[in-house]
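Reader: I would like to go through this entry with its geometric criteria spelled out, since the words used for packing depend on their cut-offs. Please show the sequence and structure before we begin.

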Amino acid sequence: MDYSLLGPTGVRVSKICLGTATFGVAPDGQDAERVVDAALDLGINFFDTANVYGASPTFDRPGVPSAAEREPAERILGRALAGRRDDVVIATKSGERRFDPVAGLSRRYIIQQVEHSLRRLGTDYIDLYYVRFPDPHTPLERTLSVYDDLVQQGKLRYIALSNHPAWQVIHALWIADNRRLAAAPVCVQVRYNLIDRAAEDELAPACLQFGLSILPFNPLHGGLLAGTQIPQRGTHGDQRFGGSGFTGTELEVGRAVARLSQDWGLQPYQVSLAWLLSRPAVASAIVGAETVEEITVNATAADVVLEQDQLQAPHGVASRRRQLI
């Protein structure tokens, strides 16, 4: 497993990060612990979770217990990492109103959710804590001051932004610098893959300019970029989170990536992840593996180095897709 520096922190994280959004659903609690064990054996030291992962109705699927009967993903992850806390980097987050109508970035809510996450994870500190979404009702200055207090208390090591436009990232850096806050963002998390490349327009250049890392979620576009067999699953793509399936245009890109991968003697997930990990400012890709097999094969992408002409081939496929939409 190869490692990257996380923004300006000096912390080294594995280029593949294990995401836990569906922990408690697929995989269930017991299997999730096996997935975490496999990730650790592969050299993965980076784990991403959230206060609402796993035990929210949005993640419901046929044949699994209801949200009220499931364990939160944070609790499952904390149990799986028991005794190995110092060897890993844990990222979590809060503030998504889709799951929690009272969510936001107020002092009251942030402190409450950090305390809940600490208890569920079974730890006394969180390595990386995300401001999940912008909150139009709370000035960013007030939000960052809360995170600064929590950093000073040792409950958070670093903070980051998720789903924020480039101008808000720069605004947050300016506030932290102007007020001499320890809670300056060190990285951003954003949807980014061969099909969805909006991050390249403004966010990636901003991160490069100011030394922040990009941590893409949904790097395989709901599994489509892992192989064209994914749509045959009962639940795939954004259906995992209460959304729709793939469009015809998305399926076209998936098939094109599969053809290129076959020509090169690689698997689609290797090409898709290796391409993404080659992009400027990208430090690690958050892979939501549901089985030991999935995390095992996805981890191999960290060791794949594509030649320049190979990097341009899927780039061209995705560019044509952007023109179509």
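Reader: Are H7 and H8 roughly parallel or roughly perpendicular to each other?
Author: Helix H7 (residues 248-264) and helix H8 (residues 268-277), which like the strands are DSSP runs numbered from the N terminus (helices H or I, at least four residues; strands E, at least two), pack with their axes 8 Å apart and at an angle of about 100 degrees. The axes are lines fitted to C-alpha atoms, for helices over the stretch in contact, with angles from 0 to 180 degrees between N-to-C directions. Angles under 35 degrees count as roughly parallel, over 145 as roughly antiparallel, 65 to 115 as roughly perpendicular and the rest as oblique. H7 and H8 are therefore described as roughly perpendicular.

Reader: What pLDDT do local features need?
Author: Residues are numbered from 1 along each chain as its sequence is written, and side-chain values use heavy atoms, with hydrogens and water left out. The model is a predicted one, in which totals for chains, interfaces and linings use all residues, side-chain atom pairs count only at pLDDT 80 or more, and local features need a pLDDT of at least 70.

Reader: How many nonpolar residues are there in the contact of H7 with H8?
Author: Taking contact to mean heavy atoms within 4.5 Å, Val257, Ala258, Ser261 and Trp264 of H7 meet Pro268, Val271 and Ser272 of H8. Ala, Val, Leu, Ile, Met, Phe, Trp, Tyr, Cys and Pro count as nonpolar, Asp, Glu, Lys and Arg as charged, and the others, Gly among them, as polar. For the contact of H7 with H8 this gives no charged residues, 2 polar ones and a nonpolar count of 5.

Reader: How do H2 and H3 lie relative to each other, and how many charged residues are in their contact?
Author: The axes of helix H2 (residues 73-80) and helix H3 (residues 107-121) come within 7 Å and cross at roughly 40 degrees, and H2 and H3 are therefore oblique to each other. Glu74, Arg75, Leu77 and Gly78 of H2 make the contact with Ser117, Arg120 and Leu121 of H3. The residues of this contact divide into 2 nonpolar, 2 polar and, as charged residues, 3.

Reader: Which element gives the most residues to the largest nonpolar core?
Author: A nonpolar core is a set of buried Ala, Val, Leu, Ile, Met, Phe, Trp, Tyr and Cys residues joined through side-chain atoms within 4.5 Å, where buried means under 20% relative accessible area, exposed over 50% and partly exposed in between (1.4 Å probe, protein chains only). The largest core has 86 residues, of which Leu18, Phe47, Tyr147, Leu156, Ile214 and Ile295 touch the most other members. With 7 residues, the element that gives the most to this core is H8.

Reader: Which parts of the chain does the pair of Tyr192 and Trp275 tie together?
Author: The rings of Tyr192 and Trp275 have their centres 6.4 Å apart and their planes at 80 degrees, so the pair is edge-to-face. Rings of Phe, Tyr and Trp (its six-membered ring) pair if their centres lie within 6.5 Å, and planes under 30 degrees apart count as stacked, over 60 as edge-to-face and the rest as tilted. Tyr192 is buried at 1% relative accessible area and Trp275 at 0%. The pair ties together parts 83 residues apart in sequence, namely the loop between strand S8 (185-191) and helix H6 (203-210), and helix H8.

Reader: Which residues does the cis peptide bond join?
Author: Most residues other than glycine have a negative phi, and most peptide bonds are trans. Here the loop between strand S3 (16-19) and helix H1 (29-41) holds Pro27. With omega about 5 degrees, the cis bond joins Ala26 and Pro27.

Reader: Is Asn218 buried or exposed?
Author: Asn218 lies in the loop between strand S9 (213-217) and H7, and its phi is near 55 degrees, a positive value in a residue other than glycine. Asn163 also has a positive phi, of about 60 degrees, and counts as partly exposed at 23% relative accessibility. With a relative accessible area of 11%, Asn218 is buried.
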